[in-house]
Amino acid sequence: MSDQAVAEYRIEDLAHHSGATVRTIRAYQDRGLLPKPERRGRSNVYRDTHLARLRQIADLLDRGYTLASIKELLEAWDAGRGLGGVLGLVAEVHGPWTDEEAARISRAELDERFGGTPDDTAVDEACELGVLERIPGRADEFLVPSPQELAVAAELYSAGVPLPAITGHLRELRGQVEHIASRFLEFTTEHVFARYLGHHTDATAAVDPACAVELTLTDAAATAAAAMVRRLRPLAQQTVDAELARAMRLLATRHLQRHLGAAGPPQPPGPAPVVLPAETVRAVQELVGADHVAAFVRAATERELQARTMNELARRGG
């Protein structure tokens, strides 16, 4: 690198300062993600603008964007379109969706909370699920993204649920919750974010600003969309919480009645009502008319009882 006022880099120096490899830098150039360097004799000269661009790309890749989406963003930036609103939307979407804060736990504390016996297989599976995250250089300590989730697992284990059953349950639950989240995004995109995306209603466009740029999302619209994300963010969890409470009240009662013999509130004495299939009711209506359904069913029932009584008497007499 020279001592000029404007920093200059060889490709090897640029790779060193950016953390990208020389091969990656050249690939970015070929894809149009990185401006071509200045040709000076037989050498290519890169500047701080190239270094800043490489850091922008790395940051967006860390956020989960594809190279194609990043190219859309950078082309919009190079064309002079304001991206303040779009980047604000990026921050809102990738911001925390819960007030819960991550914590750390030592391996010794982890083993103690789950029976006191080290279980490397269980730890590996917890890391695979993201319940635990390994900390580089600290084999005896883990990051816990959701302490509540780990606490639930510990309570279930202490209640006698085996660890494989807990992890299996979490895998199943996670798939169902991701489906709910996807449906919520589709719902809000159709009825809320469509106004910012014109006639487009692709759910990914509402939560992926790179796609939004492709759909000609203006800077002002992106700013408004970011505010809407902030407003709607708590609604998904509130809805799920309310519906889960309702379902637990309903299903827990049925579960107790089925498995524990809990009869629930005492039933009044006398015959219990019988619900006939809708097809049966319609057939009787066509036969005798709607006004005579009850009388027909009563007469048919009485005739059946009389026939059974006569059959039983004949059997005994024989």
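**Exercise 1. Find how β1 joins β3, then place both in their sheet.**

Two bridges link β1 to the antiparallel strand β3 (residues 43-47). Strands here are DSSP E runs of at least two residues, helices are H or I runs of at least four, and both are numbered from the N terminus. The model is predicted: local features need pLDDT of at least 70, side-chain atom pairs count only at pLDDT 80 or more, and totals for chains, interfaces and linings use all residues. Numbering starts from 1 along each chain as its sequence is written, and side-chain values use heavy atoms, with hydrogens and water left out.

Step 1. Take Y9. Its bridge partner in β3 is Y46.

Step 2. Read the order. The open sheet has three strands, β1-β3-β2, with antiparallel pairing. Strands count as paired if DSSP finds at least two bridges between them.

Step 3. Check the edges. β1 (8-9) and β2 (38-40) each have a single partner strand, so one side of each lacks a neighbour in the sheet.

**Exercise 2. Trace the largest nonpolar core from L14.**

Step 1. Define the core. It is a set of buried Ala, Val, Leu, Ile, Met, Phe, Trp, Tyr and Cys residues joined through side-chain atoms within 4.5 Å. Buried means under 20% relative accessible area, exposed over 50%, and partly exposed in between (1.4 Å probe, protein chains only).

Step 2. Find the hubs. Of the 19 core residues, L14, I25 and I70 touch the most other members.

Step 3. Assign the helices. α1 (11-18), α2 (22-31), α3 (48-62) and α4 (67-78) each give at least two residues to this core. The largest share, four residues, is from α3.

Step 4. List the contacts of L14 (heavy atoms within 4.5 Å). Leaving aside neighbours within four places in sequence, L14 contacts Y9, I25, Y46, H50, L51 and L54.

Step 5. Look elsewhere. Another core, of 17 residues, lies apart from that of L14 and includes L110, V131, L163 and L170.

**Exercise 3. Decide which side of α8 is buried.**

Step 1. Check the length. The expected span is 1.5 Å times one less than the number of residues. For the twelve residues of α8 (147-158) that should be 16 Å, and the end C-alpha atoms are 16 Å apart, which agrees.

Step 2. Pick the buried residues: L150, A153 and A154. They fall within an arc of 100° seen down the axis, so they line one face of the helix. The arc uses directions from the helix axis to the C-beta atoms.

Step 3. Turn to the opposite face. Q148 and E155 are exposed there.

Step 4. Name the cover. It includes β4 (103-106), α6 (107-113), β6 (138-144) and α9 (163-191).

How values were computed. Contact means heavy atoms within 4.5 Å.
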